[in-house]
Amino acid sequence: MSEKISEAELVVMEALWETAPQTANEVADRVSADRDWSLQTVKTLLSRLMAKDIIAADQDGRRFLYRPRIARDDYVAGESGRLVNRLFGGRVSPLVAQLASQDQLTAEDIAELEDILKGLKS
């Protein structure tokens, strides 16, 4: 995926990743709990995502059903890789060190990282 997703578009994507397909009204209902967006705002965001080829729409009578064209895991993998490349020269250990130095790693996080590393070593 070469197109960037804005923060607002990501809110719409999260709704679509949670349940798809959905109408524009359904997406607006899902995101309205967190955002004070009108239906027109949601439709604009859906149009932007369509133009970026990140979602698709299938006509169902007089309405459209929207669905993601990219899986959430694939999006997260791409964004994570870009972050690590841009800020840490492609190396993960400086990212972990940065998080640790800011006291952002919980004991649970550390245990999960240890399990991941053990799995990689075996």
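**Exercise 1. Placing T23**

Task: In this predicted model, find where T23 lies, decide whether T23 is buried or exposed, and list its contacts beyond four places in sequence.

Solution.
- Step 1: T23 belongs to the loop that runs between α1 and α2.
- Step 2: The relative accessibility of T23 is 9%. Buried means under 20%, so T23 counts as buried.
- Step 3: With neighbours within four places in sequence set aside, T23 touches R63, F64, L65 and Y66.

**Exercise 2. The largest pocket**

Task: Describe the largest pocket by its volume, its lining residues and the elements that supply at least two of them each.

Solution.
- Step 1: The volume of the largest pocket is about 170 Å³.
- Step 2: Its lining consists of T23, A24, N25, K43, L46, S47, R63, F64 and Y66. T23 from the previous exercise is thus in the lining, and R63, F64 and Y66 of the lining are also among the contacts of T23.
- Step 3: At least two lining residues each come from α2 (24-31), α3 (39-51) and β2 (63-68).
- Step 4: Sorted by class, the lining holds 4 nonpolar, 3 polar and 2 charged residues.

**Exercise 3. A cis peptide bond**

Task: Which form does the peptide bond from A20 to P21 take, and where is P21 found?

Solution.
- Step 1: Omega for the bond from A20 to P21 is near 0°, and the bond is cis.
- Step 2: P21 sits in the loop between α1 (7-18) and α2. T23 has its place in the loop between α1 and α2 as well.

**Exercise 4. How α1 packs on α2**

Task: Work out how the axes of α1 and α2 are arranged and which residues meet.

Solution.
- Step 1: The two axes, of α1 and α2, come within 10 Å and cross at roughly 110°.
- Step 2: Angles from 65 to 115 degrees count as roughly perpendicular, so α1 is roughly perpendicular to α2.
- Step 3: On the α1 side, V11, V12, A15, L16 and E18 take part, and they meet V27, R30 and V31 of α2.
- Step 4: By class, this contact of α1 with α2 has 6 nonpolar and 2 charged residues, with no polar ones.

**Exercise 5. Positive phi at two aspartates**

Task: For D53 and D103, give phi, then locate each residue and state its exposure.

Solution.
- Step 1: D53 is not a glycine, yet its phi is positive, near 65°. D103, also a residue other than glycine, has a positive phi of about 55°.
- Step 2: D53 lies in the loop between α3 and β1 (55-60), while D103 lies in the loop between α5 (92-101) and α6 (107-121).
- Step 3: D53 has 47% relative accessibility and therefore counts as partly exposed. D103 has a relative accessible area of 69% and is exposed; the cut-off for exposed is over 50%.

**Exercise 6. Two residues of α4**

Task: Locate L87 and D74, state their exposure, and give one C-alpha separation for each.

Solution.
- Step 1: L87 is in helix α4 (residues 72-88), and D74 is found in helix α4 too.
- Step 2: L87 is exposed at a relative accessible area of 52%, and D74 counts as exposed at 51% relative accessibility.
- Step 3: L87 and L105 are 18 residues apart along the chain, and their C-alpha atoms are separated by 19 Å.
- Step 4: D74 and A100 are 26 residues apart along the chain, with a C-alpha separation of 26 Å.

Definitions and conventions:
Residues numbered from 1 in each chain as written. Predicted model: local features only at pLDDT ≥ 70, side-chain atom pairs only at ≥ 80, totals over all residues. Heavy atoms only, no water. 1 Å grid on protein atoms, 1.4 Å probe; cavity = no way out; pocket = protein on both sides within 12 Å on 5 of 7 lines; lining within 4 Å. Points joined across faces, edges and corners; volume = space filled by probe spheres on them. Helix = DSSP H or I, 4+ residues; strand = E, 2+ residues; numbered from the N terminus. Nonpolar A, V, L, I, M, F, W, Y, C, P; charged D, E, K, R; others polar. Buried < 20%, exposed > 50% of the residue type's maximum accessible area, 1.4 Å probe, protein only. Axes fitted to C-alpha atoms, helices over the stretch in contact; angles between N-to-C directions. Parallel < 35°, antiparallel > 145°, perpendicular 65-115°, else oblique. Contact = heavy atoms within 4.5 Å.
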